[in-house]
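Dear colleague,

Please find below the structure that I am handing over to you. My notes on it follow directly after.

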Amino acid sequence: MAAKPPASDPVQDAPEVGAPQHSAVGIPAITHALKISQQQMGVRRTALTLLRVNQKNGFDCPGCAWPEDDKRHTAEFCENGAKAVAEEATLRRVTPDFFATHPVTDLATRSGYWLGQQGRLTHPMYLPEGADHYEPITWDRAFDLVAEELTALASPDEAVFYTSGRTSNEAAFLYQLFARELGTNNLPDCSNMCHESSGSALTETLGVGKGSVLLEDLYKADLIIVAGQNPGTNHPRMLSALEKAKTNGAKIISINPLPEAGLERFKNPQTPRGLAGGGTALTDLFLQVRLGGDQALFRALNRRILEEANTTPGTLDDDFIRDHTHGFEEFAALAGADDDWDETLRATGLTRDEIEHALTMVLASQRTIVCWAMGLTQHKHSVPTIKEVVNFLLLRGNIGRPGAGVCPVRGHSNVQGDRTMGIFERPAPAFLDALEKEFGFTPPREHGYDVVRAIRALRDGDAKVFFAMGGNFVSATPDTDVTEAAVRRARLTVHVSTKLNRSHVVTGARALILPTLGRTERDRQVRPDGTSADQFVTVEDSMGMVHASRGRLEPASPHLLSEPAIVARLAHRTLGDRSNTPWAAFEKDYATIRDRIARVIPGFEDFNTKIAHPGGFTLPHAPRDSRSFPTTTGKANFTAAPVEHPTAPEGRLLLQTLRSHDQYNTTIYGLDDRYRGITNGRRVILVHPDDAHRLGFADGDYTDLVSEWTDGSERRAPGFRVVHYPTARGCAAAYYPETNVLVPLDHTADTSNTPASKSLVIRLETTHND
């Protein structure tokens, strides 16, 4: 039997600090994963569940979007994947009795960790206006309440339909279809907060807003550059791929403001060397870049490549540039003129020798891949930074070549699939045309709200209903105080969820919690002939592979509905005779949804036949498959933009928000960050010892973090323990969501509008740990 959830909220402001580690995974990761799994699921359930994770006949891990090899290990999961599965497959339950005991005002004082540890939601719950307790509600009455509120709006654009990346392809397709039949493109999603900058940059330069590499390309690469990413915590299975690449002869350059244990040395738990030996050293060159200095670094490399080309034939891929690219001359002229080495070194915090060392490795490589995550995507100048990465690859023909390309590594297990299915506030006209032809209605053409604009609309009273398909919107978004006040202005907030989180206790005038099946659970639907059949859903991984996901556990409660069923029933109840869409048929047989997807979305033709293949299928990617580029010029676009980088005045630091190791996005598994040597707490700020001494803070002192803005405004996060840590000088790091309060709603990346949470100017103010 699993242990009971904590009865009281644990103290989280007394962290203990030891030395950071220099290797990742190994036996401690196995031990920790099994410990948490058995606490949540029990011994037998742990074995039955974990052995189905990421298997061809199993379910897709909700922990990340990293792809699987065709040949898979029996234990095809990582430590954080096991934690994610354990959280969902837990034996703990949040029943109506729990809500009768705990008023919302009490729950609002609890930490996100405590809320999540209470277990799985079992019944649909309703918070009436003016009430302080959620109460049980029938599914029919819940759908009626939402339908009544939606149909009473003055405009469909007063509704916001948010999506988390864990939603399946089938549910996401139905969700966007419902929103557009209702009459709005207000479809913000978690991608707006993480990889929107990648999509914006790649769409303009390559014509496809996704990565161009497959897993097998990593194994063929000569050089892999990992920038702004911590795979040891966020995508641990990536370490196995990097290890295999190293075995095949690849070199690895890591670019990051923090040294990350997983990129230093990997102890593969699936090999004797990883378990009992020293593991594999992964990084050949570590470039400890200052926050936001990546664009300046890649510009410097590009300038040096162009200079080498003047004396060394073959440095550039001249044929590729001539036949497949546009804008080279303009870019080369700008890069050639941008030769201020002093400014480059200030922006990057690196030495010229370090950059020259990287250049030597670049020039020795015929096949180069650049991987990145939110360390590149969450700055004001993120889009030009990623465009500079594309320039870097185009110069030597590293797009559309085996073993080379762009590799944005996404987090949520189907965030990329959601976008493919149409979860986007700015849909392409061709997609809307296809919807109109297939379903016989006129979709709205005006662009809708992304995450930041949705918060503004709620704040300003322009949005009155907020519906969330998964996620923890309140905790994941920036400017916490502003966001919570905005959400409270809504007439109705609705959350489709498996677990309790803060978004359930920061509500509109009325609120609904609609409990849904998890990935681990059997999804059985009654067909039109009265027989029942198990359904499966599909997901798309970070490299454009689509595969099936089948849960096997019995549902946590008989009162749960699947996400497709929730959307189908709500759409039927809301749209009524206005819609000719067969919502009831979609609920009973997900194959009918896939048939419609096949007729609407390119690459999914004959979807049901393709998905029957074990391991799924690969979506087409024109730049990778044929070196064709569906851009406005018909070619891959070099871009020329001035170099930008954030700066901090004297006495200030640049702060980035990041995850701890016991964390997945806003889901907190525990209070430790093992690889960084931190236990029993989260309110810490990692500062270089030289910076801390200069600012007058000893290791262990307590401080308030105060972010400063050009409009004169300030935001404060109190009570953080100073930890002397080998960060890049002038830079600091602290965990989110605790530091989201420091990020103004309007501090966003140009073009993508992604919250710029990786470049905050802060000062430290002395406080006392009471």
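A contact, as used in this message, means heavy atoms within 4.5 Å. With that in mind, F331 touches R299, N302, L306, E388, N391, L395, F638, T639 and A640, leaving aside residues up to four places away in sequence.

Two remarks on the source are needed. This is a predicted model, in which local features need pLDDT of at least 70 and side-chain atom pairs count only at pLDDT 80 or more, while totals for chains, interfaces and linings use all residues. Residues are numbered from 1 along each chain as its sequence is written, and side-chain values use heavy atoms, with hydrogens and water left out.

To stay with F331: this residue has its place in helix α17 (residues 328-337); helices (H or I, at least four residues) and strands (E, at least two) are DSSP runs, numbered from the N terminus. F331 counts as buried because its relative accessibility is 0%; buried means under 20% relative accessible area, exposed over 50%, and partly exposed in between, with a 1.4 Å probe and protein chains only. The C-alpha atoms of F331 and T639 are separated by 5.9 Å, although these positions lie 308 residues apart along the chain when counted as sequence separation.

As to the chain overall, it contains 32 helices and 33 strands. Its C-alpha trace spans about 75 × 60 × 55 Å along the principal axes. Of its 770 residues, 64% count as buried. Among contacts between residues at least 6 apart in sequence, 78% join residues at least 24 apart.

Turning to the interior, the largest nonpolar core has 61 residues, and those with the most contacts inside it are F161, F173 and F467. A nonpolar core is a set of buried Ala, Val, Leu, Ile, Met, Phe, Trp, Tyr and Cys residues joined through side-chain atoms within 4.5 Å. Helix α8 (residues 169-182) gives the most to this core, with 8 residues. Apart from this core lies another, of 46 residues, among them I253, L287, I321 and F331. F161, for its part, touches residues including L150, Y175, F178, L187 and F467, not counting residues up to four places away in sequence.

Finally, helix α3 (residues 79-88) is largely enclosed by the rest of the structure, because 10 of its 10 residues are buried. Among them are the charged-type residues' positions E79, K83, E87 and E88.

Yours sincerely
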